[in-house]
Amino acid sequence: MENQKRSVQDAWQKRPLIISGPCSAETEEQVLETATRLAKTGKVDMLRAGIWKPRTRPGSFEGVGTKGLPWLQQARKLTGLPTAVEVATGKQVEDALHFDVDVLWIGARTTVNPFSVQEVADALRGVKVPVLIKNPINPDLELWIGAVERVAKAGIEQIGLIHRGFSSYGNTEFRNAPMWHLAIEMKRRNPNMLIINDPSHICGRRDILLEVAQEAINLDYDGLMIESHIDPDNAWSDAKQQITPEQLAGLLGEIVWRKEDI
Ligand code: PEP
Ligand code: MN
């Protein structure tokens, strides 16, 4: 237990902090193979996987649910990579913690809803776990700050921010416009809080991931969360934006890092 906690703490302190893994956990084999191939690159600090997926329309794949949590536990055992999962309800928080998920994150569709954020925060009371909070889907900084405050008031000391862009109607270059100035303002207001960028959900496509990731590093972000999949084109969610673990390693190799990161 001590070892596990120490390594989550190491990852949390690491700069740049690189989080990767599939949009969704699909099968045990997929999770284990993704984790193994990511670990082999030596460039990833934490494994992400969506277990409960907040889909825009009903009828899409909504995640494997709690049965996927032991797969992550197994992946952690196999690779030593700490794990991160999105939670949107009190029950999901309980289940994720029951199966030793190391880091929880609040998704963009949850950050917009104070009732949901409060429910998650209440389930976190008395628990010591790092929590990452994505920006809300709409460009409302106060909602993002409110979510941080609710989680902080529940006693969570390690809180980080994820900038995943802001949605708008119609097709744009980005799936979710980055609106960098908003994230920079959030960073200015929370100078000691970890902030990482999520190029996958900003871009919605593979070809511009590098460009956005580089911009984030140029703007002094603390790390990146990028989705990866063993067979991106056949992913059960977000197929267009995922890359293989090896492509991720290539992309990370192309980024011009800050001097202190090298
Ligand atoms: C995800 O990370 O797969 C996800 C659903 O992200 P977001 O909350 O940013 O849409
Ligand atoms: Mn996704």
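This report walks through the overall form of a predicted model, then looks at one strand and one helix.

## The chain as a whole

Let's start with the broad view. The protein chain contains eleven helices and eight strands. Its C-alpha atoms fill a box of roughly 45 × 40 × 40 Å, taken along the principal axes.

How does the radius of gyration of the protein chain agree with that of a compact globule? For 262 residues, such a globule would have a value near 18 Å, and the protein chain has 17 Å, so the two agree. Of these 262 residues, 46% count as buried. Contacts also reach along the sequence: among those between residues at least 6 apart, 72% join residues at least 24 apart.

## Strand S3 and its neighbours

Now find strand S3, which covers residues 83-86. It pairs with strands on the following terms. Strand S2 (residues 46-48) runs parallel to S3, and two bridges join them. Here Arg 48 has Ala 84 of S3 as its bridge partner. Strand S4 (residues 103-106) is also paired with S3 in the parallel sense, over three bridges. Across this pairing, Trp 105 in S4 stands opposite Glu 86.

Where do the side chains of S3 go? In a regular strand, side chains alternate between the two faces of the sheet. In S3, Thr 83 and Val 85 point one way, while Ala 84 and Glu 86 point the other way. All four of these residues are buried.

## Two crossovers through S3

S3 takes part in two β-α-β units. In one, S2, helix H3 (residues 69-79) and S3 make a right-handed unit. In the other, S3 is joined by helix H4 (residues 90-98) and S4, and this unit is right-handed too.

## Helix H10 and its two sides

Further along the chain is helix H10, spanning residues 209-218. Which residues of H10 are buried? They are Leu 209, Val 212, Ala 213 and Ala 216. Seen down the axis of H10, these buried residues fall within an arc of 100 degrees, so they line one face of the helix. A helix rule helps in picturing this: with 3.6 residues a turn, residues three or four places apart point the same way in an α-helix.

The buried residues of H10 pack against several elements: strand S7 (194-197), helix H9 (199-203), strand S8 (223-227) and helix H11 (245-254). On the other side of H10, Glu 211 and Asn 218 are exposed. After the helix comes Asp 220, which has a positive phi, near 75 degrees.

Terms used
Residues numbered from 1 in each chain as written. Chains lettered and ligands numbered in written order. Predicted model: local features only at pLDDT ≥ 70, side-chain atom pairs only at ≥ 80, totals over all residues. Buried ≥ 20, exposed ≤ 12 C-beta atoms within 10 Å, placed from the backbone. Helix = DSSP H or I, 4+ residues; strand = E, 2+ residues; numbered from the N terminus. Pairing = 2+ DSSP bridges. Right-handed = clockwise from strand over helix to strand, strands pointing away. Arc of directions from axis to C-beta. Contact = placed C-beta atoms within 7 Å. Rg over C-alpha atoms; globule rule 2.2 N^0.38 Å.
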